[in-house]
Amino acid sequence: MAESTIITGQYVQIDQTPASVGERILARFIDIILMSLYYFSVYAFIGVYMEYIPYAHRISSDSMWILVLVLAAPALLYSLLWELFNHGRSPGKKLLGLRVVMKDGTAPSFNAYLLRWLLLAVDISLSQCIGVLSILLTKNNQRIGDLAAGTLVIKEKNYHRINVTLDEFRHLSVNYRPVFPQAENLSLEQINLINQTLFRYDPERSQRIRELAFKVRQFLRINPPMDDEALLQILTRDYQYYALEEI
């Protein structure tokens, strides 16, 4: 299977495997089933409303169209809403272990998600042939919406590898050995918070480092006799060591 080579801002090369056309079609099929179930529920609701609610038949046609559009909006915006609020994963993608990311491995912006959604109409035109052909003919298996938005659909099992904070990899020597194995239990968000705290220089920096180090010691259940700032720096490098092991 083809791989997508990503060069990070720190010039570290990471290879990712794009989702195959079969996986993307299956994920889309699952999403279509869920959207169809929602549409059926809306249709049934309107039918019951019109038949059993007193005076419902007196509602103007304009008001009824507004009601229909409001109820149908979640399905019309299905892909956009799920990917935007579920980290690039619709239910179909999540079930198959797929995720939408930018070509550089970062999380897509709202504009990127919006552009993918707007161009979905082009990709599914002619019974989805255009989108399928685009996926088959492009190097990184991208549909038209992906090409325009600069996104990829990749295997989610590799996603954490391209989101590792790489700023201090240069400090890791070939023979580097982690000091705290517990660092592997830290999340990407926690590491980002540690880095932001360490590299933000203002009058409250020392206090923030002290408070954060206290919470980290409690979370990891470690209490080494060392300076708080040194502890956070070592934990960051240990985390990066374990992240590199998986690449």
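## A guided tour from Arg 24 to helix α11

Select Arg 24 first: leaving aside residues up to four places away in sequence, Arg 24 touches Ala 19, Leu 98, Arg 116, Ile 135, Asn 141, Gln 142, Arg 143, Asp 146 and Val 153. Arg 24 belongs to helix α1, which covers residues 21-52. With a relative accessible area of 10%, Arg 24 counts as buried, because buried means under 20% relative accessible area.

Before moving on, note that this is a predicted model. Show the whole protein chain: 12 helices and 4 strands are present, and 41% of the 247 residues are buried. Of the contacts with a separation of 6 or more, 66% join residues 24 or more positions apart.

**Colour by confidence**

The mean pLDDT of the protein chain is 79, and 76% of the residues reach at least 70. Among the elements, the lowest mean, 47, belongs to strand β1 (residues 4-7), and the highest, 93, to helix α11 (residues 205-220). Select residues 5-14: the pLDDT there is below 50, and the stretch has 23 contacts in the model beyond near neighbours in sequence. Then select residues 160-170, where pLDDT also stays under 50. For this second stretch the model has 35 contacts beyond four places in sequence. Where pLDDT is low, the predicted coordinates should not be read in detail.

**Strands β3 and β4**

Select β3, residues 98-102; 5 of its 5 residues are buried. Leu 98, Val 100 and Met 102 point one way from the strand, whereas Arg 99 and Val 101 point the other way. Add β4, residues 151-155, which pairs with β3 in the antiparallel sense over 5 bridges. Which residue of β4 is the bridge partner of Met 102? It is Thr 151.

**Helix α3**

Go next to α3, residues 78-85, and display its buried residues Tyr 78, Ser 79, Leu 80 and Glu 83. After α3 comes His 87, with a positive phi near 55°.

**Helix α11**

Now centre the view on α11. Its 16 residues, at 1.5 Å a residue, should span 22 Å, and the end C-alpha atoms are indeed 22 Å apart. Display the buried residues of α11: Arg 205, Arg 208, Ile 209, Leu 212, Ala 213, Val 216, Arg 217 and Leu 220. They lie on the same side of α11, because the arc they cover around the axis is only 165°. Rotate to the face turned away from that buried side to find the exposed residues Phe 214, Lys 215 and Gln 218. Just after the helix, Arg 221 takes a positive phi of about 60°.

**The nonpolar cores**

Select Leu 186, Ile 194, Val 216, Leu 220, Ile 222, Leu 232 and Leu 235: these have the most contacts inside the largest nonpolar core, which has 16 residues. Helices α10 (188-198), α11 and α12 (228-246) each supply at least two residues of this core. The most come from α11, with 5 residues. Zoom in on Val 216, which touches Ile 194, Arg 221, Leu 232 and Leu 235, not counting residues up to four places away in sequence.

Apart from this core lies another, of 7 residues, including Ala 19, Val 100, Tyr 113 and Val 153. In soluble globular proteins, nonpolar side chains tend to be buried together. The tour can end where it began, since Ala 19 and Val 153 are among the residues that Arg 24 touches.

Methods: Residues are numbered from 1 along each chain as its sequence is written. This is a predicted model: local features need pLDDT of at least 70, side-chain atom pairs count only at pLDDT 80 or more; totals for chains, interfaces and linings use all residues. Side-chain values use heavy atoms; hydrogens and water are left out. pLDDT is the predictor's confidence in each residue, from 0 to 100. Contact means heavy atoms within 4.5 Å. A nonpolar core is a set of buried Ala, Val, Leu, Ile, Met, Phe, Trp, Tyr and Cys residues joined through side-chain atoms within 4.5 Å. Buried means under 20% relative accessible area, exposed over 50%, partly exposed in between (1.4 Å probe, protein chains only). The expected span of a helix is 1.5 Å times one less than its number of residues. The arc is that of the directions from the helix axis to the C-beta atoms. Two strands pair if DSSP finds at least two bridges between them.
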